[in-house]
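Here's a quick briefing for anyone meeting this protein for the first time. Have a look at the sequence and the model, then read on.

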Amino acid sequence: MSKEKKLAIGIPTYKRPDFAIKLIKKLVSIDIYDQIIVSSNSVEIELIKFIDSLDYPKVFFNQQKKNVGMARNYFDVIKICECEYLHIISDEDEIYDDNVKLFYSELKKNIDSSIIIVGVSTKDDIVYKDTSWQKNKYLRNSLGETAHIGSSIINRRLIDDSLLEILYRYSEKEGAVY
């Protein structure tokens, strides 16, 4: 793990190359992430050709040989991450440029958090999910329209080999989701 690489974004995808390509284009255009990890659970020629055509060394593509399931696909994104922090989002999620840049500048101040919760709001700025942390006035929807696991960012540096092994064993269980 590199100290210079602060923030990665992980995109597990399955049978939605058009969504993944749209999101990758957006991420490349804002050029803020130190690593963009795309892990595909399906062979999508359109996505493979697009990534092969990119002249952008921050994109790492992980093509699964078969559909390994959602949890294992997420695990692979975590394992591949070379940055201190990892934001995993769905291929269908949106990212807000200005907010990501602001968030990245905050991370560069060397905060030391194990998990960062990102608020999720509707387009009308209404809280999307009813969870207790949303009542905290210091939290805001900072990165975009992300849901489920995308509403948090993990400190990858805190996941050592023994924790990776536990995550791997979980991801191999039938019915494992995240």
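Let's start with one helix, α3, where the buried residues are A71, R72, N73, Y74, F75, D76, V77, I78 and I80. Keep in mind that this is a predicted model. From α3 we'll move to its partner, then to another helix pair, and finish with the whole chain.

**Helix α3 and its cover**

- α3 is mostly covered, with 9 of its 11 residues buried.
- The buried set includes charged residues such as R72 and D76, along with nonpolar ones such as F75 and V77.

**How α3 sits against α5**

- Two packed helices are described by the angle between their axes and the distance between the axes.
- For α3 (residues 70–80) and α5 (residues 161–171), the angle is about 160° and the axes lie 8 Å apart.
- That angle makes α3 roughly antiparallel to α5, because anything over 145 degrees counts that way.
- The crossing of α3 past α5 is left-handed.
- On the α3 side, the residues that meet α5 are A71, R72, F75, I78 and K79.
- Facing them from α5 are L164, L167, Y168, Y170 and S171.
- Sorted by class, this contact has 7 nonpolar, 1 polar and 2 charged residues.
- R72 takes part in the contact and is also on the buried list for α3.

**A second pair: α1 and α2**

- Helix α1 covers residues 17–30 and helix α2 covers residues 45–53.
- They pack at an angle of about 20°, with their axes 8 Å apart.
- So α1 runs roughly parallel to α2, since angles under 35 degrees fall in that group.
- α1 passes α2 in a right-handed crossing.
- From α1, the contact uses P17, A20, I21, I24 and K25, while α2 brings E46, L47, F50 and I51.
- By class, that gives 7 nonpolar, no polar and 2 charged residues.

**The whole protein**

- What is the protein built from? It has 5 helices and 6 strands.
- Reading from the N terminus, the elements go β-α-β-α-β-α-β-α-β-β-α.
- The protein has 178 residues, and 46% of them are buried.
- Take the contacts between residues at least 6 apart in sequence: 75% of these join residues at least 24 apart.
- About 10100 Å² of the protein is exposed, and carbon and sulfur atoms supply 51% of that area.

Technical notes
Residues numbered from 1 in each chain as written. Predicted model: local features only at pLDDT ≥ 70, side-chain atom pairs only at ≥ 80, totals over all residues. Heavy atoms only, no water. Axes fitted to C-alpha atoms, helices over the stretch in contact; angles between N-to-C directions. Helix = DSSP H or I, 4+ residues; strand = E, 2+ residues; numbered from the N terminus. Parallel < 35°, antiparallel > 145°, perpendicular 65-115°, else oblique. Left-handed = near helix turned anticlockwise from the far one by under 90°. Contact = heavy atoms within 4.5 Å. Buried < 20%, exposed > 50% of the residue type's maximum accessible area, 1.4 Å probe, protein only. Areas by Shrake-Rupley, 256 points an atom, 1.4 Å probe, with all protein chains shown as cover.
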